[in-house]
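Reader: Hi! Could you walk me through this one, starting with something small and then moving on to the pockets?

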Amino acid sequence: MRIDILTLFPEVLSSLLDYSILKRACDRKLAEFHFHNIRDYAADKHKRVDDYAYSGGGGMVMMIQPIADCITALKSEREYDEIIYTAPDGELLTQPLCNQMSSYKNLIILCGHYKGVDERIREHFITKEISIGNYVLTGGELAAAVIADSVVRLIPGVLNDEMSALSDSFQDGLVSPPVYTRPFDYNGWKVPEVLISGNERQIKEWKLEKAVRRTEERRPEGRQADDADETDFRR
Ligand code: ADE
């Protein structure tokens with residue numbers, strides 16, 4: 001998967017995405033990130049990328065021209081599955097949306113800033129607007145990194161244990177059950193006996209029960225995935 005990210009702060013994003021599993025995905029040629037500094041496309045001699053909003057109201061708006069030129073140049077080279085704009089009023093990022101995007105070949109992510117982008121960019125170039133939550137960030141870079149991370153880790157071959165992505169919280173509409181590692185007894189705090197019983201069926205039942213209870217407690221609004229199926233519990 002190729003992800004082109006349009007940003008005013010390419011160095012922030014490149015360092016955010018150059019670690020651990022995402023770095024391994026790039027080393028294995030399963031993902032590639034290309035960072036485009038929007039300012040490099042500014043036609044104006046002062047390299048302006050933002051301007052005052054018509055009608056006032058305060059705050060700067062990202063101008064059309066540099067973004068339009070950058071997206072147009074990219075689109076002339078390849079087809080994109082989606083041109084995403086990160087915005088607090090976009091569609092909320094969910095696991096089903098990440099799953100869907102993980103099968104894409106080429107993505108553009110435009111990071112919003114200031115008061116946002118000139119609406120005509122959204123109307124004429126953007127095919128999907130994504131929010132990572134109902135709060136406002138200072139810029140779209142962190143949102144772009146969250147989208148890239150949550151999508152790239154799902155590409156087959158990126159995670160060593162293929163099943164571990166399937167057993168993530170939300171993959172079957174349930175949050176994950178608790179996990180434990182050694183020591184079995186830490187100052188009297190013991191790991192639940194069932195987990196060392198070796199009885200696979202009982203362990204599976206225990207995990208399912210914990211996951212269901214946690215989901216009810218922490219996500220009472222209900223399971224996320226429409227196709228959740230308890231009999232297909234993979235943990
Ligand atoms: N830009 C500012 N806030 C944002 C959010 N919550 N999600 C995505 N992009 C944003």
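**A chat about backbone and pockets**

Author: Happy to. The model is a predicted one, and a good place to begin is Lys29, which is found in the loop that links α2 (20-27) to β2 (32-37).

Reader: What is the phi of Lys29 like, positive or negative?

Author: Positive, at about 60 degrees, although Lys29 is not a glycine. Most residues other than glycine have a negative phi.

Reader: Nice. Which peptide bond is cis?

Author: The one from Arg182 to Pro183 is cis, with omega near 5 degrees. Pro183 belongs to the loop between α7 (162-166) and β8 (185-186). For background, most peptide bonds are trans.

Reader: Okay, on to pockets. What volume does the largest pocket have?

Author: About 310 Å³. It is lined by 22 residues, and the closest to its centre are Thr86, Ala87, Pro88, Val136 and Leu137.

Reader: Which element gives the most to that lining?

Author: β5 does, with 5 residues. Both β5 (82-92) and β7 (128-131) supply at least two residues each to the lining of the largest pocket.

Reader: And how does the lining of the largest pocket split by class?

Author: There are 10 nonpolar, 9 polar and 3 charged residues in it.

Reader: Now the bit I care about for docking: where does the ligand sit?

Author: In the largest pocket. The elements giving two or more residues to the shell around the ligand are β5 and β7, and β5 has the largest share of that shell, with 3 residues.

Reader: Which residues are around the ligand?

Author: From the β5 side of the numbering you have Thr86, Ala87 and Pro88, and then come Ile130, Ser131, Ile132, Gly133, Tyr135, Val136, Leu137 and Ala143. By class, that shell holds 8 nonpolar and 3 polar residues, with no charged ones.

Reader: Which polar backbone atoms should I look at for the ligand nitrogens? Start with Ala87.

Author: A polar backbone atom of Ala87 is 3.2 Å from a nitrogen atom of the ligand. For Tyr135, a backbone N or O atom lies 2.8 Å from a ligand nitrogen. Leu137 also has a polar backbone atom, 2.9 Å from a nitrogen atom of the ligand.

Reader: How much of the ligand does the protein bury?

Author: 96% of the 260 Å² that the ligand exposes when taken alone.

Reader: Great, that helps. What about the second largest pocket, what is its volume?

Author: That pocket has a volume of about 270 Å³. Its lining is made up of Asp51, Tyr52, Ala53, Tyr54, Val61, Met62, Met63, Ile64, Asp118, Glu119 and Arg120.

Reader: Which elements supply at least two residues of that lining?

Author: Three are listed: β3 (50-52), β4 (60-62) and α5 (119-124).

Reader: And the classes there? I'd like to set charges sensibly.

Author: The lining of the second largest pocket divides into 7 nonpolar and 4 charged residues, with no polar ones. The charged ones are Asp51, Asp118, Glu119 and Arg120.

Reader: Perfect, thanks for the tour!

Notes: Residues numbered from 1 in each chain as written. Predicted model: local features only at pLDDT ≥ 70, side-chain atom pairs only at ≥ 80, totals over all residues. Heavy atoms only, no water. 1 Å grid on protein atoms, 1.4 Å probe; cavity = no way out; pocket = protein on both sides within 12 Å on 5 of 7 lines; lining within 4 Å. Points joined across faces, edges and corners; volume = space filled by probe spheres on them. Helix = DSSP H or I, 4+ residues; strand = E, 2+ residues; numbered from the N terminus. Near = heavy atom within 4 Å. Polar contact = N/O pair within 3.5 Å; in protein donor to acceptor, adjacent residues only side chain to side chain. Areas by Shrake-Rupley, 256 points an atom, 1.4 Å probe, with all protein chains shown as cover. Sits in = over half its atoms within 2 Å of the grid points.
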